[in-house]
Amino acid sequence: MFTGIVEHLGLIEDIQQLDTSESGGGGWSLTIGSSAPILGDCHIGDSISVNGCCLTVTEFNRESFKVGLAPETLSKTNLGELKVGDNVDLERAVNGHVRFGGHFVQGHIDTTATIISRTEDGNSLRLLFKLPAPTAGQNSLLPYLIPKGFIAIDGASLTLTYVNDADATFGVMLIAHTQAKIVLAAKQVGANVNIEVDMVGKYVEKAVLASLGSDGTAAGSGLVGIIERVVEKVLANKSSA
């Protein structure tokens with residue numbers, strides 16, 4: 001679990017698409033350097049959020065650490081687009097004694113979105129994004145996006161300033177301090193970013209659907225069942241009057 005408060009900017013030092021070392025496991029690996037500030041309490045097997053994606057440390061030293069990328073991670077995130085020399089947002093898994101300054105972030109990326117505009121507003125920066133069209137394997141994420149709600153973009157907890165359901169776009173504003181602390185501020189129009197919507201909204205949706213009887217349309221269950229019983233009672237009252 002993470003908070004979305006980025007601790008440090010790391011630097012991609014090495015990318016291996018087939019890492020046959022013990023720590024590489026025969027798959028895709030990233031080595032992230034310039035990371036000493038977050039490695040003082042690191043252990044093999046720890047979780048570190050890299051651009052919002054929860055990854056497992058498989059090797060580390062005082063300055064750098066290695067993580068592996070599974071095929072699911074590569075298909076769902078922008079991590080496969082990284083190049084040596086790129087910066088990435090880093091956050092260690094949250095401790096129970098820290099102040100929770102962001103929101104509940106799992107590090108499980110839902111999809112990627114594309115930056116479609118950048119607009120300076122005083123010393124702040126407005127960014128507008130477009131979500132991909134829903135598919136058979138990915139429902140629309142728009143139900144989880146509300147103005148002033150939470151969203152994690154490349155792992156940074158941000159407040160939504162704009163949501164347009166009709167064209168599947170949303171926006172955020174970055175203050176000057178945030179611009180200096182996260183990778184998003186340097187990304188240009190056309191770049192892809194990792195998106196994780198607020199997990200609380202997902203749980204609320206599931207609870208409501210369960211109370212309605214799955215999707216709420218099954219005969220005799222949920223909301224349909226309630227309406228049926230009310231109608232039956234009304235008709236029974238009318239027939240006995």
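A single aromatic pair is present in the predicted model. The partners, Phe129 and Phe170, are stacked, with ring centres 5.1 Å apart and an angle of 15° between the planes. The planes count as stacked because they lie under 30 degrees apart. The pair bridges distant parts of the chain, since 41 residues separate Phe129 in strand E8 (residues 124-130) from Phe170 in strand E11 (residues 169-174). Both rings belong to buried residues: the relative accessible area of Phe129 is 0%, and Phe170 likewise has a relative accessibility of 0%.

The strands that carry this pair belong to a barrel. Six strands close into it in the order E7-E8-E11-E10-E9-E12, with antiparallel pairing. From one strand to the next, the twist averages 45°. In general, the strands of a sheet are paired through hydrogen bonds of the backbone, in either a parallel or an antiparallel arrangement. Within this barrel, E7 and E8 are paired in the antiparallel sense through seven bridges. One of the residues of the aromatic pair takes part in this pairing, as Phe129 in E8 is the bridge partner of Ile115. E7 and E8 also form a hairpin in which two residues lie between the strands, and Gly122 in the turn has a positive phi of about 65°.

On its other side in the barrel order, strand E7 (residues 111-121) pairs with strand E12 (residues 192-197), again in the antiparallel sense, over four bridges. Here Thr111 is placed opposite Ile195 of E12. Four bridges also join strand E9 (residues 150-153) to strand E10 (residues 156-164), and these two strands run antiparallel. In this pairing, Phe150 faces Thr159 of E10.

The loop between E9 and E10 contains Asp154. The phi of Asp154 is near 50°, a positive value in a residue that is not glycine. Asp154 is also buried, because its relative accessibility of 0% falls under the 20% limit. A further residue with positive phi is Ala168, which is not a glycine and has a value of about 55°. Ala168 is located in the loop between E10 and E11, and its relative accessible area of 16% places it among the buried residues. For most residues other than glycine, phi is negative.

Strand E10 also includes Ser157. This serine is buried, with a relative accessible area of 17%. The side chain of Ser157 forms a polar contact of 2.7 Å with the side chain of His103. When neighbours within four places in sequence are left aside, the residues in contact with Ser157 are Thr3, Gly4, Gly102, His103, Phe150 and Ile151. Among these, Phe150 is the residue that stands opposite Thr159 in E10, whereas His103 is the partner in the side-chain polar contact.

A further barrel is formed by six strands in the order E1-E2-E5-E4-E3-E6, and here too the pairing is antiparallel. Neighbouring strands of this sheet are turned against each other by 45° on average, direction ignored. Within this barrel, strand E3 (residues 47-50) and strand E4 (residues 53-60) are paired in the antiparallel sense over four bridges. Ile48 has Leu55 of E4 as its bridge partner.

Ser23 lies in the loop that connects strand E1 (8-19) with strand E2 (27-33). The residue counts as buried, because its relative accessibility is 13% and the limit for burial is under 20%. The side chains of Ser23 and Lys66 make a polar contact of 2.9 Å. Apart from neighbours within four places in sequence, Ser23 is in contact with Thr58, Glu59 and Lys66. Lys66 therefore appears both in the contact list of Ser23 and, at under the 3.5 Å cut-off, as its polar partner.

Note on methods: Residues numbered from 1 in each chain as written. Predicted model: local features only at pLDDT ≥ 70, side-chain atom pairs only at ≥ 80, totals over all residues. Heavy atoms only, no water. Buried < 20%, exposed > 50% of the residue type's maximum accessible area, 1.4 Å probe, protein only. Polar contact = N/O pair within 3.5 Å; in protein donor to acceptor, adjacent residues only side chain to side chain. Contact = heavy atoms within 4.5 Å. Pairing = 2+ DSSP bridges. Axes fitted to C-alpha atoms, helices over the stretch in contact; angles between N-to-C directions. Phe/Tyr/Trp six-rings, centres within 6.5 Å; stacked < 30°, edge-to-face > 60°.
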